[in-house]
Amino acid sequence: MNGAVRSNIHQDRWRHALGKVGARIEALPHYRASGRVVRATGMVLEAVGLRVPLGSACRIELSSPDGAPQERFAEAEVVGFAGDRLFLMPLEELSGLSPGARVFPLGEGPATSARRFPLGDSLLGRVLDGNGRPLDGKGPLDEAPHATLATPPLNPLARAPIETQIDVGIRAINALLSVGRGQRMGLFAGSGVGKSVLLGMMARYTQADVIVVGLIGERGREVQDFIDNILGEEGRRRAVVVAAPADTSPLQRLQGAAYATRLAEGFRDQGRDVLLIMDSLTRYAMAQREIALAIGEPPATKGYPPSVFAKLPGLVERTGNGPRGGGSITAFYTVLTEGDDQQDPIADSARAILDGHIVLSRTLAEAGHYPAIDIEASISRAMNAIVSPAQQRQAQQFKQLFSRYQRNRDLISVGAYSPGQDPQLDRAVQLNPRLESFLQQRIDERAATEASQQAMAALLGGQA
């Protein structure tokens with residue numbers, strides 16, 4: 001009797017399991033749509049036989065290197081079309097692509113809907129690539145909640161205003177270029193003037209619940225260096241790093257920037273204060289330029305197609321404050337100025353869409369002045385709304401004295417300056433060593449907001 005009961009139980013379990021499998025089979029479509037690759041030129045593949053929307057994700061069938069029958073696929077995204085031909089951009093370098101290779105759509109809707117990415121607290125302390133896959137060898141992220149990259153835009157009238165100063169740990173910024181919670185700042189610099197070091201100081205010293213770092217288009221060596229030496233162990237514990245180095249495809253670089261922003265949005269929606277560091281916005285623009293030129297978009301300003309200047313605000317506007325009472329994303333974007341040209345089209349466009357800019361000077365860096373912040377060329381558009389009138393007056397007075405000395409530096413150097421003729425210049429000359437000392441800071445030194453303001457008040461008040 002017991003044997004018969006056990007047999008019935010096993011049969012019921014098998015029926016239940018087969019029923020579930022049958023239901024899944026019934027839900028599958030009765031046919032599988034596919035197209036074929038008819039042309040491969042540079043980074044762009046052309047396919048026919050598919051009708052899918054712009055931005056859809058596809059899988060491309062690849063041949064095995066040894067001729068084995070094992071199936072291999074690579075992901076690609078529809079970046080354009082002409083007539084019945086689709087333009088596909090692969091997410092990684094292809095090997096084994098052959099003429100007539102089959103192309104399968106990944107799912108209905110755009111690629112951001114078909115492809116889902118890990119989010120949440122389990123990513124803290126991790127390093128990921130632009131596809132959301134771990135790079136640090138600490139195991140998979142299967143248990144993390146997954147979501148799409150696409151998010152609905154925030155109503156601009158629903159955003160909380162920028163009204164609280166955030167402590168970034170840099171004396172010159174806290175006192176003279178105060179940054180508010182939810183502000184978006186640009187860090188404008190040429191190569192080798194210390195922008196990565198400054199970003200690392202901000203990451204370690206800024207009072208934020210979570211740090212999201214997007215390393216887009218940088219050299220592979222710099223990724224490891226930033227994580228180990230600049231971000232440090234303390235900063236890494238509360239940070240998520242998304243790395244899409246220069247040797248990845250332009251599409252993956254775009255995706256890496258979008259993923260870093262989506263991670264920051266996820267933490268903001270939980271009510272947290274997030275610091276987003278994106279290095280760099282220029283590499284993001286260059287990746288979009290590569291894609292646009294490859295599919296035939298005409299170049300405009302300095303070789304940048306119009307779509308580049310449409311993409312930039314779409315990325316930047318996703319950051320900032322959420323609704324009142326919610327979280328915030330304070331964002332720092334680095335902008336590379338080619339040959340230290342501040343009129344570079346990407347730099348000019350970034351200045352227009354950001355809430356301020358901090359310019360790093362090569363002249364100061366070469367003179368051993370760190371951080372090499374050019375106070376005269378830098379501005380924080382939200383400063384007047386977040387600091388007291390007394391600090392505004394002190395910051396203005398500081399800049400006037402510093403600028404007065406810089407404009408007369410050559411006269412002073414050759415001995416053509418005669419004290420007593422210009423009281424303001426006399427005071428600027430007297431205070432200049434202290435002004436320059438105030439602007440300099442060691443990499444291991446943290447300058448809190450209150451201490452920075454008190455130091456500036458003592459410097460100016462002591463010579464009133």
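Q: What makes Gly-271 stand out just after helix 6?
A: Gly-271 takes a positive phi of about 90 degrees. Helices here are DSSP runs (H or I, at least four residues), numbered from the N terminus. This is a predicted model: local features need pLDDT of at least 70, side-chain atom pairs count only at pLDDT 80 or more, and totals for chains, interfaces and linings use all residues. Residues are numbered from 1 along each chain as its sequence is written, and side-chain values use heavy atoms, leaving out hydrogens and water.

Q: Why is helix 6 called mostly covered?
A: Buried means under 20% relative accessible area, exposed over 50%, partly exposed in between (1.4 Å probe, protein chains only). In helix 6, 19 of the 20 residues are buried. So helix 6 counts as mostly covered.

Q: How do you know what span to expect for helix 6?
A: The expected span is 1.5 Å times one less than the number of residues. Helix 6 (residues 250-269) has 20 residues, so 28 Å is expected. From first C-alpha to last, helix 6 reaches 29 Å, close to that value.

Q: Why are strand 1 and strand 2 called paired?
A: Two strands (E, at least two residues) pair if DSSP finds at least two bridges between them. Five bridges join strand 1 (residues 35-41) to strand 2 (residues 44-48), so they pair. They run antiparallel. Thr-41 stands opposite Val-44 in strand 2.

Q: What do the six strands close into?
A: They close into a barrel, in the order 1-2-5-4-3-6, with antiparallel pairing.
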